[in-house]
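Q: I am new to this structure and would like a close look at a single part of it. Could you walk me through the place where the ligand sits, and then show me what lies around it?

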Amino acid sequence: MNLFSKLDLNKNILKAISEMGFEEPSPIQKTCIPIILNQKDVIGQAQTGTGKTASFGIPMIQMITKKPKTQGIVLTPTRELAIQVSEELRKIAKYQGLTILPIYGGQSIGHQIRALKQGVQIIIGTPGRVLDHLRKKTIQLQDIQLLVLDEADEMLDMGFIDDIEQILNATPKERQTLLFSATMSPEIKKLANRYLNQPESVAINRGDVTVPTIKQVYYKVLDLNKLDSLCRIIDHHEVDLGIIFCRTKKSVSELTESLQARGYIVNGIHGDLSQSQREHVMKQFREKSIELLVATDVAARGIDVGDVTHVINFDIPQDAESYVHRIGRTGRAGKEGKAITLVTPREIRLLRSIEKEVNTKIAGQPLPAIEEIKAIHQQQWKKQIIDLIENHSEEMKDYQYIIDDLSKTYEIRDVASAALHNAFNEKYMTQPSQEVYDFGETGAKPGMVRFFMNMGRNVDLTPKEVMNIISEEIDIPVRMIGKINIFDRFSFIEVPEDVAPFVYEGFKNTRVNGYRVILEPARPRS
Ligand code: AMP
């Protein structure tokens with residue numbers, strides 16, 4: 001049974017959610033969905049990664065009707081987020097027959113106007129572009145029932161407050177308003193006081209979670225090569241018996257298959273398996289005939305296996321409580337265990353909030369270098385070859401005539417190397433690349449990215465302060481930081497390409513001497 005069915009949701013939505021691979025509502029969803037369905041306003045404090053999009057998306061889609069009028073609007077700070085939110089909402093609305101349209105700057109306005117003319121029930125847009133359409137009268141907001149301010153703190157940081165207020169004022173007063181923000185600054189509270197009607201506050205922090213005393217680390221990874229990063233981590237740690245946690249049952253199946261294809265001895269469990277399938281996988285795990293078990297939180301709940309050496313959070317857990325549950329599966333009976341969490345740039349703040357709540361420092365580690373992994377692999381191949389020669393000489397006989405034949409023409413050493421290459425040839429993993437975060441040409445040294453920062457000596461900013469933020473909040477070693485130039489009203493910071501997305505995301509909502517920091521990719525000096 002899908003645990004979403006306890007919430008008052010219709011069949012179409014339940015079916016869509018199940019196809020998305022969600023097994024149970026995340027903590028923020030559990031609280032938010034009933035409140036929103038009850039038509040109350042909400043202030044939600046939640047970072048990316050907590051499931052906040054679906055927490056407003058699911059009730060929104062259930063409440064909005066098919067009549068050809070714009071009834072829902074979500075404002076987001078960036079075009080990327082607008083696209084992401086609209087993709088998630090479209091998946092939820094798959095069987096509900098609603099039209100959902102993202103509108104953002106940079107896309108042809110004519111194209112958007114044509115799309116709007118078809119009749120759109122939900123708009124997801126950046127404030128500037130929504131306002132353009134409002135002025136052109138190409139969108140009407142008089143039928144809005146539900147308005148969402150997503151990542152409100154970031155919208156304020158970007159100076160969208162006037163645009164947001166104008167949009168809010170163009171919607172009916174009796175609308176329902178939801179505000180989500182990672183931080184609750186006085187400005188956010190002011191905005192909420194002004195435009196929300198007796199809102200309920202929802203946060204994922206629950207307090208009193210005690211974290212087991214096991215070694216905890218995290219790795220910065222990019223979505224795009226998360227699988228490669230995971231493989232490096234598994235190889236580096238020489239995991240004996242590990243559980244890998246994924247967010248959805250869909251990702252459990254996909255990851256299990258990908259790891260199997262790469263030669264790992266692994267199987268997966270999630271809520272869609274039959275009882276006997278589950279038992280079969282669990283038996284394999286208990287008997288250690290598999291090294292790795294890939295699981296969702298729900299599926300892992302029943303697991304009680306004593307000597308799990310590693311817990312790996314392939315997807316970061318959605319709150320501190322789930323973090324504690326997951327990592328508690330290792331280090332049983334006084335044995336040493338290790339908990340490893342993979343964190344993408346947008347999730348770095350969720351990691352920090354988990355850290356704060358469990359009151360433990362989770363140390364960042366650099367991804368193991370390819371050379372290191374290569375060396376580990378070569379040791380493993382050697383062991384396998386020795387084992388074959390010493391223990392399976394009979395089976396080797398089948399191949400000897402090929403060697404005899406080839407050795408007439410070639411050196412034995414070359415023949416053996418070619419055979420090894422053939423047997424073990426693997427594509428060495430690529431270095432993290434910048435595809436998802438394309439900062440363009442920033443005028444930095446090769447291999448570095450240069451950022452523009454909206455403050456300088458005017459707020460008594462010092463290079464030391466900048467270095468402290470980068471090293472402490474974002475966990476990037478000081479020696480990796482490039483040039484820092486501080487001017488009267490702005491500054492420039494150079495950081496290595498592979499950590500640039502983390503610096504960019506990590507700086508959001510940071511304050512220096514009371515002033516909000518805005519970081520943008522610098523433009524090259526002309
Ligand atoms: P968000 O915090 O909205 O950015 O969501 C982060 C990720 O979690 C997205 O990929 C969602 O699709 C996924 N997600 C949201 N809710 C759930 C859930 N209940 N179970 C599993 N995954 C979820």
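Which atom of the ligand lies 2.8 Å from a backbone N or O atom of E24?

A: Happy to help! Please keep in mind that this is a predicted model. The atom you ask about is a nitrogen of the ligand, and its partner in E24 is a backbone N or O atom, 2.8 Å away. The ligand's oxygen atoms have partners too. One oxygen atom is 2.6 Å from an N or O atom in the side chain of T53. At K52, a backbone N or O atom lies 3.3 Å from an oxygen atom of the ligand. As for how covered the ligand is, taken alone it exposes 500 Å², and the protein buries 85% of that. In total, 16 residues surround the ligand, and E24, Q29, G49, G51 and T53 come nearest.

To place these residues in the whole protein, look at the domain assignment: domain 1 covers 3-208, domain 2 covers 211-368, domain 3 covers 371-429 and domain 4 covers 448-521. Between the centres of domain 3 and domain 4, taken over C-alpha atoms, the separation is 50 Å.

Now for the nonpolar interior. The largest nonpolar core has 96 residues, and within that core M453 and F507 touch the most other members. Leaving out residues up to four places away in sequence, M453 touches L461, V466, F490, S491, I493, F507, V512, V517, I518 and L519. Apart from this core lies another one, of 29 residues, among them I103, L116, F160 and I164.

Finally, a word on the cysteines. The structure holds zero disulfides. C231 is in no disulfide, and the nearest cysteine sulfur, that of C246, is 12 Å away. Seen from C246, the closest cysteine sulfur is the one in C231, and 12 Å is too far for a bond, because a disulfide needs the two sulfur atoms within 2.5 Å. C231 counts as buried because its relative accessibility is 0%. C246 is buried as well, with a relative accessibility of 0%.

Definitions and conventions. Residues numbered from 1 in each chain as written. Predicted model: local features only at pLDDT ≥ 70, side-chain atom pairs only at ≥ 80, totals over all residues. Heavy atoms only, no water. Domains from an automatic or database assignment. Core = buried A, V, L, I, M, F, W, Y, C linked by side-chain atoms within 4.5 Å. Buried < 20%, exposed > 50% of the residue type's maximum accessible area, 1.4 Å probe, protein only. Contact = heavy atoms within 4.5 Å. Near = heavy atom within 4 Å. Polar contact = N/O pair within 3.5 Å; in protein donor to acceptor, adjacent residues only side chain to side chain. Areas by Shrake-Rupley, 256 points an atom, 1.4 Å probe, with all protein chains shown as cover.
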